[in-house]
Number of protein chains: 2
Amino acid sequence: MIEQQAARPAEGAETVSGKMRDALRAAHLYYMQDLTMDAIAHELHTSRSSVSRLLSHARASGLVEISIHSPLDLPSRIEHEILERFEVGAHVIPVPDHASDVDRLDRVALSAARILGRFIDSNQTIGVAWGSTMSAMSRHLVPKATHNSEVVQLNGAGNGRTTGIVYASELLRRFGDAFGARVQQFPVPAFFDDPETRRAFWRERSTRRLLEVQAGMDVALFGVGSPFAEVPSHVYQGGYLERADYEALSRDGAVGDVATVFYRADGSTDGIALNERATGPDFAVLRRAPRRVCVVSGRAKLASLRGALAAGLITDLIVDEGTARALVESPGDGE
Amino acid sequence: MIEQQAARPAEGAETVSGKMRDALRAAHLYYMQDLTMDAIAHELHTSRSSVSRLLSHARASGLVEISIHSPLDLPSRIEHEILERFEVGAHVIPVPDHASDVDRLDRVALSAARILGRFIDSNQTIGVAWGSTMSAMSRHLVPKATHNSEVVQLNGAGNGRTTGIVYASELLRRFGDAFGARVQQFPVPAFFDDPETRRAFWRERSTRRLLEVQAGMDVALFGVGSPFAEVPSHVYQGGYLERADYEALSRDGAVGDVATVFYRADGSTDGIALNERATGPDFAVLRRAPRRVCVVSGRAKLASLRGALAAGLITDLIVDEGTARALVESPGDGE
DNA sequence: AAGCCGGGTGAACAAACGTGCAAGGATGGC
DNA sequence: GCCATCCTTGCACGTTTGTTCACCCGGCTT
């Protein structure tokens, strides 16, 4: 069963609109007039609990937007430095150094999901990679109404029930729902076993149509993989790659991947054998997107991140504080 | 002692910036990452109470901005109707009908203060009237950093210690502080006793300089007075006007005033004797400001509001719901 | 018609939050 | 150098808020 509709049509529009109206009014009273939920419940002739739920709904559905402006004379030191050094807009997410890697990922993903709205607009094609970072983000997206947008899957995927990572179809659907966008699935494995199969598949009309959509992306959204870090990206756990593949990658000098396409520390990809079997877009295609948002969490991904920056894949970076700090320190440092 | 500085200079900039930095970080953690204040206190090595205060500070000082977007397919019915009928951008503030007039004013003023930031920008001259509405607003302004702005008093004032209304100097200072703007006081009474005195005063060089500043306003901010309503505006309580003045106003057909200048239901002002002694700007001058924001609360002011609209004084209206509803109903209805 | 189901409601409880208060520390005047 | 003063801090309390649970109500199935 393919789930692929945009924002669902008016079903009981009466009720829906009524709820929306209430939520809106509650939000006004709560956030603009500082009334207590009790008082609001009274004005709305309902219970306090319902008001609490109404407000949660208002926040989760983007009726209420909370933004944080750092005063212009105090622009985050690190963000500014990243902009200078890498020509990339940075959002640094504060996370304590002692946080666990899962905490860190969750917190970065949550913040990223809330920031994301700024990059999305109507009439856009949004490319979304498949991986643990995107999966975590998908759980917290704040809806934003757009017209005529389209979400397109950038790389193939297996299912990752094992680790809380979500079916690609589910992930894409969440993005599509949040922005009222059509969804273009890409039903292929993360890696083909045989390069020839991939080439054949790429000649298919349906595949070519999808690749054209990818090529017309306005926004690309992805994380980075780091195959040789202590905590390898999920793509490497799920058995997508064999030991031999790792050895080949190591021989080829790969330090990371974006949407299953690997690169070296200097950003080059030529001659990395595995890429012949990968399903993600060629970097030349990716770079055509004017906005390329990368979400990274954890110092383990530092080397991958450096490579992706060297490859010029990133225009906007959302990254946890520790990794950001490490990034701007001397490039030679290990972990 | 005249209080007239812009945002105070760096005093203990070290500490201030440190506090700001903490507030910013706390806001990120609280509003973007949904941490509890307890957790934030731990990360910041301080107590939970301090975090609570830090967050209050962050909100009050505009570091955190909370805005409410009604979905575009559900634009407030009334606001749209006001736009159609009067060609005026409206913000309708929900307030229950049974609220007292003071409650109503407070709530409208609070909301208005939080909306105000949208109208203010750098390099602007902001004209501010003196009255109970502006006084209530001044208590809740959300700071917004601007450069080279100027706040100028539109009309003279007595002091209103009696009813919680605040000295004009204090009121102006609050606006100036909130936007980091220079402040131009206008130290005259609300009404002169003798028209001749006014004319003489108007010939003074210092007065003419101030009038020129007023004439160059980018934004004007004012309420409306309604001299014949049950609950008369403070200007009429403080003994600024005599019984004879009211009778004259009544004879002249005045229904309201903006910054001490009176008008009739059709918006005309010619031949209203009292205006010869008023200190507010001529409407021709006022209308030169491209943005003219009017804050109104209470149906008692409905007739005044209609007059001000007829006079074309308003480009943006902030008004409570009950009054807004009354406004768009048949114009003939009384209260 | 009876019965299941999903979504919504209010009561009750536990968690999270704001604020008055007293103590501690810094600041500026003399 | 000392004191008066102001600002900040953490605690304790009372209030406000999120969430669980049992329940109800309308729609749809068998």
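Ala, Val, Leu, Ile, Met, Phe, Trp, Tyr, Cys and Pro count as nonpolar, Asp, Glu, Lys and Arg as charged, and the others, Gly among them, as polar. The views show a predicted model, in which local features need pLDDT of at least 70, side-chain atom pairs count only at pLDDT 80 or more, and totals for chains, interfaces and linings use all residues. Residues are numbered from 1 along each chain as its sequence is written, chains are lettered from A and ligands numbered from 1 in the order in which they are written, and side-chain values use heavy atoms, without hydrogens and water.

**View 1. Surface near DNA strand D.** The surface near DNA strand D has 2 nonpolar, 7 polar and 4 charged residues. In total 13 residues surround this strand (a residue is near if one of its heavy atoms lies within 4 Å). The closest are Met37(A), Arg48(A) and Ser52(A), with Thr46(B) and Arg53(B) from the other chain. Helix H3 (48-60) of chain A and helix H3 (48-60) of chain B each supply at least two residues (helices, H or I, of at least four residues and strands, E, of at least two are DSSP runs, numbered from the N terminus). The most comes from H3(A), with 5 residues. Of the strand D atoms within 4 Å of the protein, 41% belong to sugar or phosphate and the rest to bases.

**View 2. Polar contacts of DNA strand D.** A polar contact is a pair of N or O atoms within 3.5 Å; within protein, one must be able to donate a hydrogen and the other to accept it, and residues adjacent in sequence count only if both atoms are side-chain atoms. The side chain of Arg48(A) has an N or O atom 2.9 Å from a base oxygen of strand D. On the phosphates, the side chain of Ser50(B) has an N or O atom 3.0 Å from an oxygen, and the corresponding distance for Ser47(B) is 3.1 Å.

**View 3. Surface near DNA strand C.** Around DNA strand C there are 14 residues, of which Arg53(A), Tyr30(B), Met37(B), Arg48(B) and Ser52(B) come nearest. Sugar and phosphate account for 40% of the strand C atoms within 4 Å of the protein. H3 of chain A and H3 of chain B each supply at least two residues, and H3(B) gives the largest share, 5 residues. By class, the surface has 2 nonpolar, 7 polar and 5 charged residues.

**View 4. Phosphate contacts of DNA strand C.** A polar side-chain atom of Ser52(B) lies 2.7 Å from a phosphate oxygen of strand C. For Tyr30(B), a polar side-chain atom is 2.9 Å from a phosphate oxygen. Met37(B) places a polar backbone atom 2.9 Å from a phosphate oxygen.

**View 5. Interface between chain A and chain B.** In this interface, 34 residues of chain B contact 34 residues of chain A (heavy atoms within 4.5 Å). The buried area (accessible area, 1.4 Å probe, that two parts lose on being put together, summed over both) is about 3500 Å². Carbon and sulfur atoms give 59% of that area. In chain B, Met32(B), Gln33(B) and Ile68(B) lose the most area to chain A, together 20% of what that side buries.
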